[in-house]
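User: I am new to this structure and would like a close look at a single part of it. Please take one pair of packed helices and then place that pair in its surroundings.

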Amino acid sequence: MALFELTRASIGYNGTPVLHEITLQIEAGERVAFVGPSGAGKSTLLSTLFAQQRERAALVPQEYALVKNLSVFHNVYMGRLHRHSSAYNLLNLMHPLAREIEAVRPVVSKLGLEELLGKPVGELSGGQQQRTAVGRALFQGGEVLLGDEPVSSVDPLQSRRVLEAINAAFPTVVLAMHDVGLALDFTDRLIGLKGGRVEFDRPTQGLRAADLDAFYHPA
Amino acid sequence: MTHSATYKTSLAFLASAILLLFFADLGVSTLHPWAELGRMALGAITPNFLSIDILLHALAMTVGFAFGGVALGAGVGFCLAMVFHLRIVRVGCAFVRAIHELFWALIFLQVLGLNPLTGLMAIAVPYAGTFAKVYAEILEEADHSPMRALPAGTPLLSAFFFARLPQSWSHLRAYTGYRLECGLRSSAVLGFVGLPTLGYHLESYFQVGDYSQVAALLFLFYVLIATLRVWMRPRLMPLYAIASAVLLYGPINTSWANVTRFFTREVVPAPLRGAPLGDAATWHALGHWAGDLATRQALPGAINTVVLTQIALVATGVLTLLWFPLISRHFLGRPGRLAGHVLLVVSRSTPEYILAYVFLQLWGPSMLPAIVALALHNGAIIGHLIGRYSNGIDLRPDAPRGLNRYGYEVLPRVYPQFLAFLFYRWEVIMRETGILGILGVRTLGFYVDSAIAEIRIDRMMYLILLTALLNIGIDAFSRNLRARLRLTTTAKVE
């Protein structure tokens, strides 16, 4: 039984189709990247998959979905709200508990955010905010991570650290990526989307960025 | 050339108000209005603070009722905001806030008697209805995406407190603070129906013509409102809560027999009380009762309420357009704007009811004092908002000056905001118009007050119900008009 499975699925918003007859399977343990020009349907496909495994998946949404006036600590902690009672969560909201700070610390230090733990997220740069959103997903943990351009605002060096952390924490990873180089380095299966259809679906092994030129810039 | 819809609407309102002026009673019935004004002016410049202990106690009671009532209303309103998507809650809230707090006070006086609970409930009930609506709107405006990114199985309460509340917190706090200022005005006015707040003392000083005491009391009230930001700190809230409770604590002399009697007997139309329901004479008497109520009180009261509301609305609009330049950097320098601010702060801090009371002493009971009072108070509120809005507009360096600048550069830019605020205020003006009747202007409040004097509680209740329906109607009409003219504002002015 595949973790994710779509058979001739067409999905649209308000009657306008975005995805056309998509058929694909993703098994547990795979690392997959969706690539393709903007508007190809990557985000829609990712949220369709998220709806399939709501219970098991952690999500890094494209727009981060952070609470701007809460601190980095609280935003990351939100990944585990489901593990505690509301009373405990409220206590930790009003007065950050030492044991939760210690639990969050290794996650944020992996992402280079340790110094910013107490800062409201609204005061951070775009890249720092995006790393906080990744931090929340890492802290939540689980079997699958679904990331919609999770490093689009992070600088190249940090990007690699973030993707390494993601790969180390989750057995299954599905990402929407526009940076083909990073996709080749950190995933083992590439699915090319264009105009809401699957254009290609192949292993990354032996693939070079130049091989995809024809996909991005058709003659 | 065709004119815009806003222009045509404005002209229609202006024309209707001028037409209605011919039907309105604007007479001055006092014998020496100018001499009286002179004595008031003299009092204003010779405030008497000698009996400071009485003044401070009146002020403390005003704050106590305001704080207690607003806190209770905010608490209940917050809970109702959680279920505001339910139709029954929305309708119920619209209904309770359509009845003015002074009318609520009159109702609770009948049910509970004259005791602290009456004052608290009179503020808390209508405020809860307003808080529920505005809190729900503020919470709805928050970004919903953090909610969707939460792990599956997050407890609802945790989700709310982490993903929703922090985003709205500052808006909720600002709005609650603003309503506390409104609550101070409401609490002051409750004194006019017998509660021991500012209005009570004001009325007794007025009756003996002691205008120096009046001035002292009002000055202290302005200082209280002007310094609200200084003393109303979140940290001090528990202190104020305890202080209010201690201050207001008193015997609650409510008897259950009274409460029961109110609901089972007094609100029942008089002809039906204990009468045989099978008897045709009973129903004939009821028909007579209803017809009498409709033609002698409800109809004339409603007509006068609408006439006064429309004139006061247009007068408010005209005054706003004259006043907002007083605090606008496009028209005045710093000293001029400071003077403008003082004028607007005093006008908007004085409740309409107190302004109307003062002008009524001068001119006697007609629509004139009510129109002037409503225009001064509401014109100052909207003038303040529009003036501030105009300060956010940047003009080109070579923009014309004076009247040309007003007509060509500033007015066209602020006009949609101005109309939106004015139409928001429409329902507030109508609600106030209703209660000004208690002072003797023949709006619905006048007939409510007479019904109480005659101990005809059934009539009182149906007339108050009618004011609520009128207010709900005008609110719906205003919303419709704003939608049609595409008028929106960002600020909340309830």
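Analyst: What follows describes one helix pair, then the chain that holds it, and then the other chain.

The model is a predicted one. The pair chosen is helix H9 (residues 198-207) of chain B and helix H10 (residues 211-226) of chain B. Two packed helices are described by the angle between their axes and the distance between the axes. For H9(B) and H10(B), the axes come within 9 Å and cross at roughly 155°. Angles over 145 degrees count as roughly antiparallel, and H9(B) and H10(B) are therefore roughly antiparallel to each other. Their crossing is left-handed.

Which residues make this contact? From H9(B) they are Leu198(B), His201(B), Leu202(B), Tyr205(B) and Phe206(B). H10(B) supplies Gln213(B), Val214(B), Leu217(B) and Phe221(B). Sorted by class, the contact of H9(B) with H10(B) holds 7 nonpolar and 2 polar residues, with no charged ones.

The chain around this pair has 20 helices and 0 strands. Chain B has a radius of gyration of 24 Å, close to the 23 Å that the globule rule gives for 494 residues, so chain B is as compact as a globular protein of that length. The C-alpha trace of chain B spans about 80 × 75 × 60 Å along its principal axes.

Chain B also touches chain A. That contact takes 18 residues from chain B and 22 residues from chain A. On the chain A side, helix H3 (residues 86-94) of chain A gives the most, with 4 residues. By class, the side of chain A that touches chain B has 10 nonpolar, 8 polar and 4 charged residues.

How is chain A itself divided? The domain assignment gives domain 1 (1-56 + 142-219) and domain 2 (66-141) of chain A. Domain 1 is thus listed in two segments. Between the C-alpha centres of domain 1 of chain A and domain 2 of chain A there are 26 Å. The two domains meet through 12 residues of domain 1 of chain A and 12 residues of domain 2 of chain A. Helix H6 (residues 156-169) of chain A gives the most to the domain 1 side of this meeting, with 5 residues. That side of domain 1 of chain A divides into 8 nonpolar, 3 polar and 1 charged residue.

To return to the helix pair: H9(B) and H10(B) are roughly antiparallel, and no charged residues take part in their contact.

Note on methods
Residues numbered from 1 in each chain as written. Chains lettered and ligands numbered in written order. Predicted model: local features only at pLDDT ≥ 70, side-chain atom pairs only at ≥ 80, totals over all residues. Contact = placed C-beta atoms within 7 Å. Helix = DSSP H or I, 4+ residues; strand = E, 2+ residues; numbered from the N terminus. Nonpolar A, V, L, I, M, F, W, Y, C, P; charged D, E, K, R; others polar. Axes fitted to C-alpha atoms, helices over the stretch in contact; angles between N-to-C directions. Parallel < 35°, antiparallel > 145°, perpendicular 65-115°, else oblique. Left-handed = near helix turned anticlockwise from the far one by under 90°. Domains from an automatic or database assignment. Rg over C-alpha atoms; globule rule 2.2 N^0.38 Å.
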